[in-house]
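Visitor: I've just opened this one and I'm new to it. Can you walk me through what stands out?

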Amino acid sequence: MRPENYQAQSHPPSNEYELFIGPNHPGIEGNYAFKLKLHGDVVLAGKADGGYLHRGFEKLMEGRLWIQNIALVPRICVPDPVPMEVTYSMAVEDLCGLEVPERAQWLRVLQLELSRIAAHLFTFGGHAATTGMYTTSYWGIADRDLILDLFEALTGGRVYHIFNIPGGTRRDVPPGFLEQVSQTLDYLESRLPDYDNLLFTNQVFITRAKDVGAMTQEQALEWGVTGPNLRATGLAFDVRRDDPYLVYEQLEFDVPTEAAGDAWARAMVRRAELKQSFRILRQVIERLPSIGGPVRAPIPNPLAWNVPAGETYARVESSKGELAYYAVSNGGDKPYRVHVRGPSSMHAVQVLEWLAEGARLEDVAQIMFSLDACPPEVDR
Amino acid sequence: MSDLSKIPIHTEKHAPEEARTNPLAGVFDELVRFAQSRSMYMLHYCTGCGAIELPPAMTSRFDMERLGIQPMVTPRQADILLVTGYVSVKTLKRIILTYEQMPSPKYVIGICSCTVNGGMYWQSYATAKKLSEYLPVDLYIAGCMPRPEAVIEGMRALMANIQSGETEPWKDYYQRYDYYLGNQQHLFGDNWQTPTDVIGQAQHYGLAGPETEGEHTRILQQYQQPLVAHKLRLK
C-alpha cells in the first residue's frame, strides 16, 4: 500500500546519463568542452561548451592601431595563422585602395599554401590519433615541422610570422629559399605513399571513419559548412577558384570533392588538397623568379595611418574553410569594428552538435577532428 | 564543502620527524628525487596557443619522452600542469580545480608570455594576467610562443630543481592558501568554492602555516553550501 500523500516522481531512465568531455580531455581538439547525453554508448544529444579561449579579439582590435592588429590576428587560429594575416591585410588594402605589388601577391600564395599543408598534416595526425593510430600523428607532426622550418627561414618565426602587412610583405625571400621549398615538397610527396599505407588505405581507419558523422549536401549548405567539409559532400566550391583573390586566377589546380560527406570523405578531400597544394607551390616556385619589383607598396606612416572611412569584406579559403574579415573604418587610426567570420564557428558548434546526435561515444572525438574545428577561432 | 568536511579525515598532524640514523638515508632521498625527476607525467590540457608547440616537442622530432616526460590524461595521475598561454577566467577556474585534484608533489609550468604578465592580451577584459597570483608557479618559459627547444630546456630546468630538492612551490599553496584564495575570490566573486578541502589537506599533511587561514578563508566558510548535483540541462 502506498501512503496517501504519495506522488509519483518521474526520473530519467537509469541507463541514460550525462557525460562531460573536455576541456581537459585528449579527445578534444584544444580547450573546448562538449556535454553529451548518452544511452549506453549512443549519443542522444550533445551541447557544445565553448568560451574557454575567449580573449575578446574584436574588442581588442578596436583599441589598437591598424598596423598593430597585424600582430594580433594570427593568434585567432593557431594551427593555420597565415590566412588570418593575409585576409586582414586584404581588408585594410581594400579600404585604403592600396595596390599590392605582384611579387608580394605571389609570396602570399606561397605562404598560404605552405600553411595549408602544415594544417592538413596536423589534422591527419589528430584524426588518426582519435581512431587509435598514433604513428600517423607522430610522423605527420614531424613532417609538419619541415614546413615550420621553411617559415622560420622566410619569416623568422615558426608558428606566428607577422610577415604580411597591409601593402605587401615585410621582406623578400632569402637566397636559396625556393630550392629549400622544392626539396621539402619532394620529400613530402615521397611520404604520401607511406601515409596511404598507414592511414588512408588502412582497413582499420576505413572501417572506423566510413559512415561516421555523415551529412548531406543540403544539410551542409543549410548549416553554413565551408571548405573541405563542404567539398566532402560533393559540392565543388572553393573561394580560390570561384572568387579568386591574389594570383589564384593564374594558377592551375583542381577542386577535389568526395560524395559521401562522412569523416572518411573529409579526410580524403584533405589528402587530395595536399596534392593540389604541392601543384600550386611548384607553379609558384617556377614563376616567382621571373616576377620582379618591390614586395611592398609604399604606405603612410603606420603610427599615424588614418584609413579612409568605409567598410569592406575580404575572404579567403583557409585550410578550415571560408575565412572572412568584415572591417569598418570611420577614418581614424584604429578600426571602428572588425568582425572575423571564422569557419570553425559553424563547424565546432552547431554542426558538431547535430552530427554527434546518434553517433557512438567513441566517434565523437573523431567527428570533431574530422571537421577540423579550431577552438581558438570559435571563441576568439 | 561542508559535506566534505563532515567526512572524518585524519586531522592530527604527522608525527615529528625522528632523527634518521641510517647512514644510507641521504642516499635514499637522493635516489627518490632522481627517480621522481626522471618519470614525470604532464597533464594533457591545452589551455592556450602555446599548446601548438607541445605536439612537436612530444613527437618524433624533439621527442620529450627521452627525458621521461609523457602526456597523461587525468589530473589524478599527473605531476606537471602545463599552462600553455593566456588563461581566460573560465579556463582559470578549470585550471584551479584541476590543480587541486593533482597529487603532491605537483609542479606548474607557465608557458608563453601571457602567463607571466598578460602578454599581448594585457588589455583584454577576458583573461587573467598573472598566473602566479592564483597558483604557485615553478617555472616560466617566456616567449610568444617558446620553441620546442625552449620547452625542453624548461623541462630540464624543472628536472634539475626536483633532483636538487631546492624548490617546492606546491607547499606554498598550502602555506599561503589565504593569499591565493583571496586573488581567486577577487576574480571569481566571493562565492567561489572548489570541491577540494585545501585547508583540511594542509592540516593533514602538516603543511598548514600562519597564512593558511585568514580573512579570505572565512569568506569561504560563509558561502559554503552543500554540494548538490545540478539538473541536466540538455533537452
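Visitor: Is Cys112(B) buried or exposed?
Guide: Cys112(B) is buried, because 25 other C-beta atoms lie within 10 Å. Buried means 20 or more other C-beta atoms within 10 Å of the residue's own; exposed means 12 or fewer; partly exposed is in between; C-beta atoms are placed from the backbone. Keep in mind that this is a predicted model: local features need pLDDT of at least 70, side-chain atom pairs count only at pLDDT 80 or more, and totals for chains, interfaces and linings use all residues. Residues are numbered from 1 along each chain as its sequence is written, while chains are lettered from A and ligands numbered from 1 in the order in which they are written.

Visitor: What about the phi of Cys112(B)?
Guide: Phi is positive there, about 85°, although Cys112(B) is not a glycine. The residue sits in the loop between strand 5 and helix 5 (113-117) of chain B. Helices (H or I, at least four residues) and strands (E, at least two) are DSSP runs, numbered from the N terminus.

Visitor: And Asp211(A), where does that lie?
Guide: In the loop between helix 7 (203-209) and helix 8 (217-223) of chain A. Phi of Asp211(A) is near 65°, a positive value in a residue other than glycine. Asp211(A) is partly exposed, with 13 other C-beta atoms within 10 Å.

Visitor: Back to chain B. Which residues does a cis peptide bond join?
Guide: Ser104(B) and Pro105(B) are joined by one, with omega about -5°. Pro105(B) is in the loop between helix 4 (89-101) and strand 5 (107-111) of chain B. Another cis peptide bond links Cys144(B) and Met145(B), with omega about -10°. Met145(B) is in the loop between strand 7 (139-141) and helix 6 (148-164) of chain B.

Visitor: How many helices and strands are there in chain B?
Guide: Chain B has 10 helices and seven strands. Of its 235 residues, 37% are buried.

Visitor: Let's switch to chain A. What order do strands 1, 2 and 3 take?
Guide: They form an open sheet in the order 1-2-3, with antiparallel pairing. Strand 1 (16-21) and strand 3 (42-49) of chain A are at the edges with a single partner strand each, so one side of each has no neighbour in the sheet. On average, neighbouring strands are turned by 20° against each other, direction ignored. Two strands pair if DSSP finds at least two bridges between them.

Visitor: How many bridges join strand 2 to strand 3 of chain A?
Guide: Seven, with strand 2 (residues 33-39) running antiparallel to strand 3 of chain A. Leu38(A) stands opposite Val43(A) in strand 3.

Visitor: Which strands does helix 12 of chain A touch?
Guide: Helix 12 (residues 344-356) packs on the sheet and touches strand 2 and strand 3 of chain A. Its direction makes about 170° with that of strand 3. Helix 13 (residues 361-370) of chain A lies across strand 1, strand 2 and strand 3, at about 150° to strand 2. Axes are lines fitted to C-alpha atoms, for helices over the stretch in contact, and angles run from 0 to 180 degrees between N-to-C directions. Contact means that the C-beta atoms of two residues, placed from the backbone, lie within 7 Å.

Visitor: Why is helix 13 of chain A largely enclosed?
Guide: Eight of its 10 residues are buried, so the rest of the structure largely encloses it. Among them are Val364(A), Ile367(A) and Phe369(A). Just after helix 13, Asp372(A) takes a positive phi of about 55°.

Visitor: What order do strands 6, 7 and 8 of chain A take?
Guide: They make an open sheet in the order 6-7-8, with antiparallel pairing. Strand 6 (310-317) and strand 8 (337-341) of chain A are at the edges, each with a single partner strand, so one side of each lacks a neighbour in the sheet. Eight bridges pair strand 6 with strand 7 (residues 322-329) of chain A. Helix 3 (residues 82-96) of chain A lies across strand 6 and strand 7, running at about 150° to strand 6.

Visitor: Last topic. How many residues of chain A are in contact with chain B?
Guide: 34 residues of chain A are in contact with 35 residues of chain B. Helix 5 of chain A gives the most to that side of chain A, with six residues.
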